[in-house]
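Visitor: I would like to go through this model helix by helix. Where shall we begin?

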Amino acid sequence: TELLHESGIKVTTVVVDDDVAVKDSLYTAGRRGVANTVLIEKLVGAAAERGDSLEACAELGRRLNNLGHSIGIALGACTVPAAGQPSFTLKDDEMEFGVGIHGEPGIDRRRFSSLDQTVDEMFDTLLENGAYSRTLRQWNTVKGAWQEVKQSKTALQNGDRVIALVNNLGATPLSELYGVYHRLAQRCEASGIIIERNLIGSYCTSLDMSGFSITLLKVDDETLALWDAPVHTPALNWGN
């Protein structure tokens, strides 16, 4: 960032920290950025395409970050090529709860009983750990310096409208992802959370990890208009 600024290129930053597996940052560096990154990049990209300024796009990204919540699980670790062996090992009836997207273990190791039970545990964690306050560093474009800014997330609640992302972490069949979404839709409906759009597939993966993540991003009409705006990439492709 500093090098780009010194080269005369206008630049700013957006930190994504949507992983609710880390309840707070008292003993950690903070929450991790996971699959909400995909949704934010699409939405901010659409804003840039319509001509929004750099600062406006950055502020949109920061606002969307505070509205998104994600959680992931794994039934099997990925194998990082440089390591040559799985990042962690699990028994046949175990799952790693709260995994990241770089092959790191989760925050908890739990017994895997069924797909619906797993989605229930993930959904409950998304709601319970949704509220979160922290201080983030971001680049001040005008001053050309880093600054610390307090940011807060609020938990999802009855009446909220969301984009739901069920993301393959690498080696999970699409049919199982649809099973995840089926249960997620049931839980959202029971909680009064309205799924306005959904995305199911491999979008933010961790090599060959067997697992998936769930992301719920709170939206409004303006956000949905940006989501529906045409996009033509290898991963997302719709509109004229």
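Visitor: Which residues of H3 do Asn36, Ile40, Leu43, Val44, Ala47 and Ala48 in H2 meet?
Guide: The model is a predicted one. On the H2 side the contact uses Asn36, Ile40, Leu43, Val44, Ala47 and Ala48. By class, the residues of this contact are eight nonpolar, three polar and no charged. Their partners in H3 are Cys57, Leu60, Gly61, Leu64 and Asn65.

Visitor: Are H2 and H3 roughly parallel or roughly antiparallel to each other?
Guide: The two axes come within 9 Å and cross at roughly 150°. Angles over 145 degrees count as roughly antiparallel. H2 and H3 are therefore roughly antiparallel.

Visitor: Is the crossing of H2 and H3 left-handed or right-handed?
Guide: H2 covers residues 36–49, and H3 covers residues 54–65. Their crossing is right-handed.

Visitor: What distance should the 14 residues of helix H2 span?
Guide: The estimate for H2 uses 1.5 Å a residue. The C-alpha atoms at the ends of H2 are 20 Å apart, which agrees with the expected span of 20 Å.

Visitor: Which residue just after H2 takes a positive phi?
Guide: The phi angle in question is about 105°. The residue, found just after H2, is glycine 51.

Visitor: Which elements do the buried residues of H3 pack against?
Guide: H3 has twelve residues and reaches 16 Å from its first C-alpha to its last, close to the 16 Å expected. Its buried residues are Cys57, Ala58, Leu60, Gly61, Arg62, Leu64 and Asn65. They pack against H2, E1, E4, strand E5 (145–153), E8 and H6.

Visitor: Is leucine 39 buried or exposed?
Guide: Leucine 39 lies in helix H2. Leaving out residues up to four places away in sequence, leucine 39 touches Ile163, Leu165, Leu199, Thr215, Leu217 and Trp227. Buried means under 20% relative accessible area. Leucine 39 has 0% relative accessibility, so it counts as buried.

Visitor: How is H2 oriented with respect to H6?
Guide: H2 packs with helix H6 (residues 221–228) at an angle of about 90°, their axes being 8 Å apart. Angles from 65 to 115 degrees count as roughly perpendicular. H2 is therefore, relative to H6, roughly perpendicular.

Visitor: Which residues in H6 do Leu39, Lys42, Leu43, Ala46 and Ala47 in H2 meet?
Guide: The residues of the contact of H2 with H6 divide into six nonpolar, one polar and two charged. Opposite Leu39, Lys42, Leu43, Ala46 and Ala47 of H2, the H6 residues are Thr223, Leu226, Trp227 and Asp228.

Visitor: How far apart in space are leucine 39 and leucine 115?
Guide: In sequence, leucine 39 and leucine 115 are 76 residues apart. In space, C-alpha to C-alpha, their separation is 25 Å.

Visitor: What covers the buried residues of H4?
Guide: Helix H4 runs over residues 115–128, and its end C-alpha atoms are 20 Å apart, in agreement with the expected 20 Å. The buried residues of H4 are Thr118, Val119, Asp120, Glu121, Met122, Phe123, Thr125 and Leu126. Their cover includes strand E1 (68–76), strand E2 (94–97), strand E3 (108–111), helix H5 (174–191) and strand E8 (210–218).

Visitor: At what angle do H4 and H5 pack, and how are they placed to each other?
Guide: The axes of H4 and H5 are 9 Å apart, with an angle of about 50°. The crossing is right-handed. By class, the contact of H4 with H5 has seven nonpolar, two polar and six charged residues. At about 50°, H4 and H5 are therefore oblique to each other.

Visitor: Which residues is asparagine 140 in contact with?
Guide: Asparagine 140 is in strand E4 (residues 132–140). With 14% relative accessibility, asparagine 140 counts as buried. Leaving aside neighbours within four places in sequence, its contacts are Ala145 and Gln147.

Visitor: Which residue has a positive phi although it is not a glycine?
Guide: The residue is in the loop between strand E7 (194–201) and E8. It is partly exposed, with a relative accessible area of 48%. With a phi of about 55°, the residue is leucine 207.

How values were computed
Residues numbered from 1 in each chain as written. Predicted model: local features only at pLDDT ≥ 70, side-chain atom pairs only at ≥ 80, totals over all residues. Heavy atoms only, no water. Helix = DSSP H or I, 4+ residues; strand = E, 2+ residues; numbered from the N terminus. Expected span 1.5 Å × (residues − 1). Axes fitted to C-alpha atoms, helices over the stretch in contact; angles between N-to-C directions. Parallel < 35°, antiparallel > 145°, perpendicular 65-115°, else oblique. Left-handed = near helix turned anticlockwise from the far one by under 90°. Contact = heavy atoms within 4.5 Å. Nonpolar A, V, L, I, M, F, W, Y, C, P; charged D, E, K, R; others polar. Buried < 20%, exposed > 50% of the residue type's maximum accessible area, 1.4 Å probe, protein only.
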